[in-house]
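Me: I should like to learn how to read this structure feature by feature. Please give the general idea each time, and then the case at hand.

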Amino acid sequence: MKLQIAVLVVCMLASALNGRAQQYFPKTIPAGNYSGICHLQGDRYAVVSDKAGEDGFFVFRLGIDTVARRITQAENLGYRSSGMPNRDMEGICYRPSTNTVFISGEADNEVYEYTLDGKRTGQRLAMPESYKKARRNLGLEALTYDPLTARFFTTTESLLRGDSLLRIQAFGDDLQPSRQYLYRPDAPISRKYRHGVVELCALGDGRLLVMERQVRVPKLKLNAVAVVRIYEVRPAEEIFLEKRLIFDYKSRLTPTGRKFANYEGLCALTPHLLLLVADSQQRYKGVLRDWFMLVGI
């Protein structure tokens with residue numbers, strides 16, 4: 001028995017060090033529909049909630065122990081509103097050179113620039129005409145900025161009408177479209193699963209991460225399943241991206257377990273440490289939680 005307990009403890013510690021221990025902070029982080037996150041400076045992060053009252057973003061202060069791979073402190077520093085209507089904000093990224101953030105909206109399929117107090121600058125990415133073919137509620141979901149190459153990357157959650165591959169669009173620092181890459185998402189586990197790409201994340205060394213999410217939610221909600229897979233790609237001269245699986249996580253809602261996590265937001269703390277945030281649907285029925293998770297890769 002003592003040996004079994006010792007093995008269990010070792011396994012639990014290994015899981016935590018791998019960054020697969022979920023954490024939530026109900027007393028200091030408000031219930032939300034968190035769909036995107038990016039690192040600003042120091043211990044500050046910008047977070048979008050797709051059902052917030054107005055267009056804008058939260059600023060969270062997160063204390064992170066990168067050695068133990070644990071969040072030691074979480075605090076909401078307030079909402080930065082643009083004063084404009086909610087447009088289903090899904091992705092957010094930070095550009096250090098201008099000290100501004102960019103936010104993608106799934107309702108209008110546009111990416112606007114904002115100052116850190118939440119106001120729009122009047123600038124936006126020049127989206128190609130083809131993105132007007134995005135399906136309803138399956139449009140611009142993912143957004144990231146790579147300071148190494150000074151490029152933005154964005155894509156839709158699902159294929160554009162008439163396409164057989166997903167388009168990942170790159171933009172230069174002039175906000176104009178540059179190269180477009182083609183990516184093949186995973187096939188759905190079954191017809192009962194909603195599936196698509198929910199986030200992109202530049203690692204700052206030329207690599208790009210693509211986060212795919214599949215979710216099945218029965219009518220009675222119990223036994224809901226979320227599967228999150230993160231793939232590595234390397235955008236270069238070839239337009240067809242080869243992907244390599246680096247992370248695979250499955251959670252389920254059961255009568256005795258509340259670990260179900262619909263992860264939608266992703267940012268890199270280092271090239272080897274990722275931070276994920278989940279959409280809890282405003283802590284649905286008091287059952288779902290605003291999970292955070294640190295992942296070592």
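Me: Is aspartate 88 buried or exposed, and what is its relative accessible area?

Reply: Buried means under 20% relative accessible area, exposed means over 50%, and partly exposed lies in between, with a 1.4 Å probe and protein chains only. Aspartate 88 has a relative accessible area of 16%, and therefore counts as buried. Please bear in mind that this is a predicted model, in which local features need pLDDT of at least 70, side-chain atom pairs count only at pLDDT 80 or more, and totals for chains, interfaces and linings use all residues. Residues are numbered from 1 along each chain as its sequence is written, and side-chain values use heavy atoms, with hydrogens and water left out.

Me: Where is aspartate 88 placed, and what is its phi?

Reply: Most residues other than glycine have a negative phi. Aspartate 88, although not a glycine, has a positive phi of about 60°. Its place is the loop between β5 (70-85) and β6 (89-95); strands (E, at least two residues) and helices (H or I, at least four) are DSSP runs, numbered from the N terminus. Leucine 175 is also not a glycine and has a positive phi, of about 75°. Leucine 175 sits in the loop between β12 (166-171) and β13 (177-183). Because its relative accessible area is 6%, leucine 175 is buried.

Me: With which residues is phenylalanine 102 in contact, leaving aside its neighbours within four places in sequence?

Reply: Contact means heavy atoms within 4.5 Å. For phenylalanine 102, with those neighbours left aside, the contacts include Cys93, Val111, Leu125, Phe152 and Leu175. Phenylalanine 102 belongs to strand β7 (residues 100-105), and it counts as buried because its relative accessibility is 0%.

Me: How does one read arginine 244, and what is its relative accessibility?

Reply: At 46% relative accessibility, arginine 244 counts as partly exposed. Arginine 244 lies in strand β17 (residues 244-252). Outside its neighbours within four places in sequence, arginine 244 is in contact with Ile230, Tyr231 and Glu232.

Me: How many disulfides does the structure hold?

Reply: A disulfide is a covalent bond between the sulfur atoms of two cysteines. Here the criterion is a pair of cysteine sulfur atoms within 2.5 Å, and the structure holds zero disulfides.

Me: Why is there no bond between cysteine 93 and cysteine 38?

Reply: The sulfur of cysteine 93 has its closest cysteine sulfur in cysteine 38, but they are 6.7 Å apart, which is too far for a bond. Cysteine 93 counts as buried, at 3% relative accessibility. For cysteine 267, the closest cysteine sulfur is in cysteine 201, at 6.5 Å, again too far for a bond. Cysteine 267 counts as buried at 5% relative accessibility.

Me: What may be said of the chain as a whole, beginning with its secondary structure?

Reply: The secondary structure comes to one helix and 20 strands. Of the 297 residues, 50% count as buried. The radius of gyration is taken over C-alpha atoms, and the globule rule is 2.2 Å times the number of residues to the power 0.38. With 297 residues, a compact globule would have a radius near 19 Å, and the chain agrees, with 19 Å. Along its principal axes, the C-alpha trace spans about 65 × 40 × 40 Å.
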